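Me: Please show me the chain, and then let us go through its fold and its interior step by step.

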Amino acid sequence: MLDYPYMEVPTRDGVDFKPIIQLRLPSINRSLDVLVDTGAQTIVLPVAWANRLGVTLTPGQREISGIIAGESTPYSVGEIQLELRRAAQIVQWVATVAFIDNPKRSLFGYLGGLEFFHAHFLGPERRLLLDPQSNLPLP
């Protein structure tokens, strides 16, 4: 089980605590902070990262809409290897990810992400537990 403390995020009124985790991109040995969002339909990353990753993009079949993306936003999809690490545990898988221009925040949503984990949000403790499941598509 991967155990993440909520990240402290400065606000105008002080600080807030959010389930933000580091999603590793092993092909370029980099990490990206992503908000774990049960309402997001997929993993959403900036399109600029697709170029760094050398991902071949395909236009998405629908548009992403919602608070983070703002109005309906066209997107492209690409398949990449992802990784989560906590202590000695490393979990890797291959996922189809949505890439959009300048998202307000990168998201770890259902498709390609949460669909492969049991997620336990421990609000009072400000912790997120992610338990990888057997349907995780290995690289």
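What follows is a short exchange about this chain.

Reply: This is a predicted model, in which local features need pLDDT of at least 70 and side-chain atom pairs count only at pLDDT 80 or more, while totals for chains, interfaces and linings use all residues. Residues are numbered from 1 along each chain as its sequence is written, and side-chain values use heavy atoms, with hydrogens and water left out.

Me: How many helices and strands are there in the chain?
Reply: Helices (H or I, at least four residues) and strands (E, at least two) are DSSP runs, numbered from the N terminus. Counted in this way, the chain has one helix and 14 strands.

Me: Which element gives the most to the largest nonpolar core?
Reply: Such a core is a set of buried Ala, Val, Leu, Ile, Met, Phe, Trp, Tyr and Cys residues joined through side-chain atoms within 4.5 Å, where buried means under 20% relative accessible area (1.4 Å probe, protein chains only). The largest one has 30 residues, and Leu84, Trp93, Phe108 and Phe117 have the most contacts inside it. Strand E10 (76-86) and strand E11 (89-100) are among the elements that each supply at least two residues. With five residues, the element that gives the most is E11.

Me: Is serine 106 buried or exposed?
Reply: Serine 106 sits in the loop between E11 and strand E12 (107-108). Leaving out residues up to four places away in sequence, serine 106 touches (heavy atoms within 4.5 Å) several residues, including Leu32, Val44 and Pro46. Its relative accessible area is 8%, so serine 106 is buried.

Conventions: Buried means under 20% relative accessible area, exposed over 50%, partly exposed in between (1.4 Å probe, protein chains only).
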